[in-house]
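Please open the structure in your viewer and keep the selection tool at hand. The tour below goes from one selection to the next and says what is found at each stop.

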Amino acid sequence: MKNLKKNFAEISRYPSAVFGLFIIFLLVALAIFAVIKIPYSEAVRLWRGGEDVWYMNPKNVPPAWFNTFRKTKLPESFAIKGGEEGFTKTVTPSSPDTAAIDFEYAFDFNYDVYPQELMLYFTSTYQSKNPFVSIYLITPDGEEIRIGDLGISARQTFRFSQDEKLIKRLVREKRNDDPMLGLFSVPETDPPVPQKGSYKLVVNGQTFEADSDINVEFVFHGQSYGLAGTDHARRDLMVALLWGAPIALAFGLLAALATSILSMAIAAIGAWFGGWLDELIQRITEVNLVLPFLAVLIMVGTFYSTSIWTILGVTILLSIFTGAVKSYRAVFLQVKESTYIEAAKAYGASNFRIIFFYLIPRMIPLLIPTLVSAVPAYVFLEASLALLGLGDPVLPTWGKVINDAQSNGALYKGYYYWILEPAVLLMVTGLGFAMLGFALDRIFNPRLRGI
Amino acid sequence: MTIEQDKIQEQLVVADNNKKNSTGALLSVQDLRVHFELRKFGFGHAGYVRAVDGVSFELKHGASIAIVGESGCGKTSLMKTILALYKPTAGHVIFDGKDLSTLKGADLKAYRSEVGFVQQDPYGALPPFMTVQRILEEPLTINGVKDKEERLERISKVLEEVKMTPVNEFLPKFPHQLSGGQQQRIVIARAMILNPKLLVADEPVSMLDASVRVEILKLLRGLQEKHNLAVIYVTHDLSTVRYFSERIFVMYAGQVIEKGQVDLLVNNPLHPYTYALLQGTSDPDAHNATVMKEVPPGEPPSLVNPPSGCRFHPRCPKIIKGLCEVKVPPEVEPVPGQLTSCWLYE
């Protein structure tokens, strides 16, 4: 405990270490938050979900906070259900069997860019005679534009920009033939200028049966969404950015911990027993050193499984017998000859005890900085594999976001946020561990002190 | 010629020792040979280093002997073989009637708990990452003292014996926080904590300040008397031998060339090498500052190809040409209680 305090005091002397620790602390907090906020099964469901899960989101839009730094403001997305606050639903029965069900929703549109899409999701209950709805949009200058009239089934979707009748009507009214431009522009402007102000969506429904009901959800696909934006499958990137943290940390820490500890133990066993065992370990290491690491991983990923656990296992296996075994062995051979080891032998310490209680503790100061510095390498490895299309098929990770972005031409199409967000997180992770690792190296490796 | 004589002598010594063994000594070393194989390019045989080449002696309960010799004479190899750290190439080490080379597993562990080991470099002998308490606990844990209370009790008892008081103040310290003398006391405490019958001390004071040496030697002497310990004291410094050894064995090139009672040997060295060794002893005498001492010329001999005949002959000032370099000198007893292997007394 006292030792720990002393070490911490020493760490606090290095600003880079404090900064690195701070970053790692933030990442760990982010990871814990992600796991609590979005449970694993939920994260997997969301990330693998299609249109049914993500219909509310626009495609490929940047985060909403981009507006703070933009001159031309991007419309934000929203979705609201009939009956919720602001979206009034009034039912007026006109005869024993029929009723008028009217929805009204007023919303502000003060943006400089047109929305991506407007949609109405109708749900209704009826026996044989289906209800009928008329949709209107009242623009800020008071004009009422008829959007459409349609009979609705139990579940019906109405997309503004894909309705042929609406397009024809807009052209007839000398508006733009793109419904978004036609509906949200100041009339008769060329090029079109967005009309700012309060719009009102009116849905007049008519039912023809007792117990028949209509409900509607208004989905407004703007040009920005949430804290992280969305991808080509309308998925909220935040899910992947949040869940990428625990996965990256778990992968990096587990791989670094397992490889350093196993390398050290194996090097110690080889150095202590010597003979054929040591020779065997050295030969395995030499063979492993010439094996192409990434190529083997890609092979495993392609032909066997891209599960993150398989990849982690293979990574660890291939990383045990590396140069680390050689350098640890060199030091162990030296420590092995210490007189305190001789003394331990003389009072009857077993081989096991000598290796794990006398040899390895001596190396802990060397192990800790190596371990910390090795974490980002494995985090990057996982991301690289994902980028090569060998990421876990189920889990949302930073690498997979970059992979999606790359395969969808994100940079070519200008969706830079799609690549930058996970990339920045990866870089920050690397930076945090590297900064702490360097400082720890200086603390535990006195020869580097003062350089 | 020489080899044949060697063999005859060996057989005589073995026979001699077998007779002695029946007297019930604690430790009996019989014609012990420790050779290390030299390898050429990592494989291929290139000869042997004959670190110990036919050493025999006996040690009774509570008795103490000193093994003296210059660096590289094989005294450390001898000692490590007694500690069962090295395997003898030939000959036997018999402790309490049991041959060391036959001991395995639990028996070997039991033997090791009966032999304490005090090393030369106290700092190196203590694991730097363990506290004093942990250092002293280790031998107890290894040898099956499971009760924590009992362990602590034994630790404080042994620390009091080596005069490391107040005990609680030292328990949480790391070796680097102690002085050289204190470190050596911890090493002695560790050697004593299992209540051994035999203590092997490998130059226990050579790395210490002169002021601390006497204290440590007195401490060892006190422990020996109190616990009826048998002590093997290995040193290159004859001036410290007088403190507690009864008999001295002088080793040269892996062999014992002179042995006898301390007083006899120190006052009247027979073998020219012993004489030279005594000359080299440093005494705090102002006269020494003005006098160049006589030292044997040349280097310690190669243990791979030891000189023929008497191994000291290339450096011997009293060499008898035609005899010393040809024939191995027999062991003779010119003075009762003092044996030497030298042609001068034949």
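**Strands of chain A**

Begin by selecting strand β3(A) together with strand β8 of chain A, residues 197–207, and you will find that the two run antiparallel and are joined by eleven bridges. To look at one pair of partners, pick A:E104, whose bridge partner in β8(A) is A:V202. Please keep in mind throughout that this is a predicted model.

Now keep β3(A), which covers residues 99–109 of chain A, and add β2(A), residues 87–93, since these strands pair in the antiparallel sense over seven bridges. Together β2(A) and β3(A) form a hairpin, with five residues between them, and within this pairing A:F87 stands opposite A:Y105 in β3(A).

**The sheet of chain B**

Move on to chain B and select β6, β7, β8, β3, β9, β10, β12 and β11, which in this order make an open sheet of eight strands with mixed pairing. At the edges stand β6 (115–118) and β11 (331–335) of chain B, each of which has a single partner strand, so one side of each is left without a neighbour in the sheet. If you look along the sheet, neighbouring strands are turned by 20 degrees against each other on average, direction ignored.

Next, add helix α2 of chain B, residues 75–82, which packs on the sheet and touches β3 (64–68), β7 (198–202), β8 (230–235) and β9 (247–252) of chain B. The direction of this helix makes about 150 degrees with that of β8(B).

At the β11(B) edge, select β12(B), residues 338–341, which pairs with β11(B) in the antiparallel sense over three bridges; here B:V335 stands opposite B:Q338.

**Nonpolar cores**

Which residues have the most contacts inside the largest nonpolar core? Select B:V68, B:A189, B:V200, B:I232, B:F249 and B:V250, which hold that place in a core of 107 residues. Apart from it lies another core, of 51 residues, among them A:L237, A:W398, A:L426 and A:L440.

**Where the chains meet**

Finally, display both chains, and look for the 14 residues of chain A that are in contact with 17 residues of chain B. On the side of chain A that touches chain B, the elements giving two or more residues are α12 (339–346) and α13 (351–390) of chain A, and the largest share, six residues, comes from α12(A). Coloured by class, this side of chain A shows seven nonpolar, three polar and four charged residues.

Conventions: Residues numbered from 1 in each chain as written. Chains lettered and ligands numbered in written order. Predicted model: local features only at pLDDT ≥ 70, side-chain atom pairs only at ≥ 80, totals over all residues. Contact = placed C-beta atoms within 7 Å. Helix = DSSP H or I, 4+ residues; strand = E, 2+ residues; numbered from the N terminus. Nonpolar A, V, L, I, M, F, W, Y, C, P; charged D, E, K, R; others polar. Pairing = 2+ DSSP bridges. Core = buried A, V, L, I, M, F, W, Y, C linked by C-beta atoms within 7 Å. Buried ≥ 20, exposed ≤ 12 C-beta atoms within 10 Å, placed from the backbone. Axes fitted to C-alpha atoms, helices over the stretch in contact; angles between N-to-C directions.
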